[in-house]
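Ready for a few warm-up exercises? Have a look at the chain below, then work through the tasks one step at a time.

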Amino acid sequence: MPGEPMSAPPFQTEPPAPSVTKSDAAFRVVLINPYELGRQPFALAQPTAWLRRAGMEVVCLDLSLQTLEPQALAGAGLIGLYLGMHTATRIAVEALPRIRELAPQAHFCAYGLYAPMNAALLHGRGIATILGGECEPDLLALAQSVRDGAPPEPGGVHVGLDKIAFLTPDRSALPPLERYTHLTLPDGGTRVVGFAEGSRGCKHLCRHCPVVPVYGGRFRIVPPEVVQEDIRRQVAAGAAHISFGDPDFFNGPTHARRLVEALHREFPALTYDATIKVEHLIRHAELLPLLRKTGCLFITSAVESVDDRVLESLEKNHTAADFAQAAGLLREAGIALAPTFVPFTPWTRLEGYTALLRRLVELELVESVPPVQLSIRLLIPEGSRLLELSGFAQHLEPFDPTILGYPWRHEDPRVDALQEHVQAWAAQAEERGLPRREAFGRIWELAHEAQGERPPPLPAGPIGAAIPRLSEAWYCCAEPTRRQLHSF
Ligand code: SF4
């Protein structure tokens, strides 16, 4: 039976299941994931567990791997579009006309971080209900009201931040793990990747972050026994590596410790990665050896910039020197660092961009950064805290629904031109499968040429060793590719 656990959960933390009526069983909900960095989405598996527990039929469609099959959408009473990131929202907006054509009778709902902030646009495209935050209870209540013939008036937005009783995610309606992103090791070996979440939201308030407008400095813990059972089932389904999707794994360091100790105790050969901010890597440095011991291969960290002025504007709460310190701490602990960046902002200077490239060379991190990371342009969505910065709005053009953000132009047109060149080159390098060092070499040239300088040769010595990496590079605000749009 779909949704049947592969083994009985060992913990009785889940509230008793509500009674199932005949009409529940007939009601079909289709949950759609446009894109989630190539990972099997927790954000479909968690609501699936809630809806199936109430006896509803749930179909999951992952547009990163599946097409919009008419059969899957036929008879849907409720469509739930998960908009967890910018790229996903762009893809969803493109796909909406086709989905509506295939399920004209359905009530449309969007949920996830990017749903509330794009509420006006989504309502205009026929999404009746918008949910955000800890939305599973609201999604279930919505499904029940639609099923009972009493759907809410279109135009509603509800962001729930109350603590919820997480269930063991039900991943049985999603494509198998081996079809998702995989881990590539420096020796060329690969591993099937599972995706777990130990928490949602974040206790920080970085200005450019999409988590902030929804969670406002709060985070919510997924109970360790639920996370462990989710991992257990994914290991049974073939996962040899777990990617933790928490916005910041060290928002609750004690919780993180419990998670990794339990993971390692039960699956000593299992490896994992997580995302941790620079500030936390330094503050909780004593936990890094434990992470290494329990199988952590690499840490993704949103460094964003090596210009303290930019870091201050973004309220990242770390400095360029902190980045170097965190890189050293991880190196000492034997864990690879995968830094991410937003190199192009209204405050970026050409010399600042070359300084970033130089820093990557000095810290021997060239192989740790996919070229696309060096092309990212600051995205300013509706509701961004950046809009609160005094004088910032003067950089912006009116909101553009096609890019779901406020376009901006740099006061130095050479910076915008460089961004376009680096973006085009990064796309080409990825398509051609160029080694990162080679792709970096061309970006190095472009950056110096933009300043009217002859590019100095890259140092002949080590500028970084290959690190374990996921086959889908970590970035969330790029143009959807043709491949991502193929399914409709
Ligand atoms: S620490 Fe990361 S997740 Fe948290 S607000 Fe800052 S950028 Fe967002």
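A crossing of two helices is called right-handed if the near helix is turned clockwise from the far one by less than a right angle, and left-handed if it is turned anticlockwise. Keep in mind that this is a predicted model.

**Exercise 1.** Work out how H16 and H17 are arranged: what is the angle between them, and what is the handedness of their crossing?

*Solution.* Start by finding the helices: H16 covers residues 413-432, and H17 covers residues 436-450. Next, take the geometry: they pack at an angle of about 165°, and their axes are 10 Å apart. Angles over 145 degrees count as roughly antiparallel, so H16 and H17 are roughly antiparallel to each other. Last step: the crossing of H16 and H17 is right-handed.

**Exercise 2.** Find which residues of H16 and H17 meet, and sort them by class.

*Solution.* On the H16 side, look for Arg-414, Ala-417, Leu-418, His-421, Val-422, Trp-425, Ala-426 and Ala-429. Their partners in H17 are Ala-439, Arg-442, Ile-443, Leu-446, Ala-447 and Ala-450. Sorted by class, this contact has 11 nonpolar residues, one polar and two charged.

**Exercise 3.** Describe how the domains of the chain meet.

*Solution.* First, mark the bounds: the domain assignment gives domain 1 as 26-160 and domain 2 as 182-470. Their centres, taken over C-alpha atoms, are separated by 28 Å. Then count the contact: 16 residues come from domain 1 and 18 residues from domain 2. On the domain 1 side, helix H4 (86-102), helix H5 (114-117) and strand E5 (129-133) each give two or more residues. Finally, that side of domain 1 splits into seven nonpolar, six polar and three charged residues.

Terms used
Residues are numbered from 1 along each chain as its sequence is written. This is a predicted model: local features need pLDDT of at least 70, side-chain atom pairs count only at pLDDT 80 or more; totals for chains, interfaces and linings use all residues. Axes are lines fitted to C-alpha atoms, for helices over the stretch in contact, and angles run from 0 to 180 degrees between N-to-C directions. Helices (H or I, at least four residues) and strands (E, at least two) are DSSP runs, numbered from the N terminus. Angles under 35 degrees count as roughly parallel, over 145 as roughly antiparallel, 65 to 115 as roughly perpendicular and the rest as oblique. Two residues are in contact if their C-beta atoms, placed from the backbone, lie within 7 Å. Ala, Val, Leu, Ile, Met, Phe, Trp, Tyr, Cys and Pro count as nonpolar, Asp, Glu, Lys and Arg as charged, and the others, Gly among them, as polar. Domain bounds come from an automatic or database domain assignment.
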